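Biologist: I'd like to learn how to read a fold, starting from one residue and working outwards. Could you walk me through it?

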Amino acid sequence: MSDAWNNKGVCFRKLGKLEQALACYDRAMENDRRNASAWSNRGNCLYMLGRYAEALADLVKAVDIDPKNESAHLNKGLVEERLGRPSDAAASYRAFIALNPVQYQAHVPFAKKRLADIKKR
C-alpha cells in the first residue's frame, strides 16, 4: 500500500498539485516508515515548495534508509546548495555520480556541472 500512495503522490507532483502530493507521501510513510522513495519524493516536493530545511531532513532520511537512492543524493545536493552548504552539496553530487545512475543518466552532466560550479567558488 505504501508504494501505491507514493506513486499517487508522484502523479500529483507532476500535475503541480504539491500539497496533495505531500499528503500522499505522508500516507505512504504511515504505511512503511522505511520507504526511501517516499522520503525522497516528499523531500523533492518540499524543495519545490521552498521548504528547504524540511526537504533536507527528508532527503537525509531517504539516503539513510537506502544509500543507493540516486534521486535522493541528487536532490539533497540541490537543497544543500540552496542552504549555502556547497561542500555538502558537492559530496551529494559525487555520491550521485558514483552510483552510476542508469535511470537518471541524463542528470549526470547536470551534477558534474554543479560540482564544477562549486569548485569555482
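Modeller: Happily! Keep in mind that this is a predicted model. Let's start with Tyr 25: leaving aside neighbours within four places in sequence, Tyr 25 is in contact with Asn 6, Gly 9, Val 10, Arg 13, Ala 38, Asn 41, Arg 42 and Cys 45.

Biologist: Which residues touch the most other members of the largest nonpolar core?

Modeller: Tyr 25 is one of them, together with Cys 45, Val 79 and Tyr 93, in a core of 33 residues. Helices H1 (2-14), H2 (18-31), H3, H4 (52-65), H5 (70-82), H6 (86-98) and H7 (108-120) each give two or more residues to this core. The most comes from H2, with seven residues.

Biologist: Let's take a partner of Tyr 25. Where is Arg 42 placed, and is Arg 42 buried or exposed?

Modeller: Arg 42 belongs to helix H3, which covers residues 36-48. The general idea is to compare relative accessibility with a cut-off: buried means under 20%. Arg 42 has 18%, so this arginine counts as buried.

Biologist: And which residues does Arg 42 touch, beyond those up to four places away in sequence?

Modeller: Arg 42 touches Leu 22, Tyr 25, Asp 26, Met 29 and Asp 58.

Biologist: Asn 6 was also on the list for Tyr 25. How do I read that one?

Modeller: In the same manner. Asn 6 sits in helix H1, and its relative accessibility is 5%, so Asn 6 counts as buried. Not counting residues up to four places away, Asn 6 touches Tyr 25, Ala 28, Asn 35, Ser 37, Ala 38 and Asn 41.

Biologist: Now let's zoom out. What does the secondary structure of the chain come to?

Modeller: There are seven helices and zero strands, giving the pattern α-α-α-α-α-α-α along the sequence.

Biologist: Why would one say that the radius of gyration agrees with a compact globule?

Modeller: A compact globule of 121 residues would have a radius of gyration near 14 Å, and the chain has 14 Å, so the two agree. For the extents, the C-alpha trace spans about 45 × 25 × 25 Å along its principal axes.

Biologist: How much of the chain is buried, and what does the chain expose?

Modeller: Buried residues make up 47% of the 121 residues. The chain exposes about 6600 Å², of which carbon and sulfur atoms supply 52%.

Biologist: One last feature: how many positive and negative side chains are there?

Modeller: The chain has 21 positive and 14 negative side chains, with the centres of the two sets 5 Å apart.

Technical notes. Residues numbered from 1 in each chain as written. Predicted model: local features only at pLDDT ≥ 70, side-chain atom pairs only at ≥ 80, totals over all residues. Heavy atoms only, no water. Helix = DSSP H or I, 4+ residues; strand = E, 2+ residues; numbered from the N terminus. Buried < 20%, exposed > 50% of the residue type's maximum accessible area, 1.4 Å probe, protein only. Contact = heavy atoms within 4.5 Å. Core = buried A, V, L, I, M, F, W, Y, C linked by side-chain atoms within 4.5 Å. Rg over C-alpha atoms; globule rule 2.2 N^0.38 Å. Areas by Shrake-Rupley, 256 points an atom, 1.4 Å probe, with all protein chains shown as cover. Lys, Arg positive; Asp, Glu negative; His and termini not counted. Charge placed at Lys NZ, Arg CZ, Asp CG, Glu CD.
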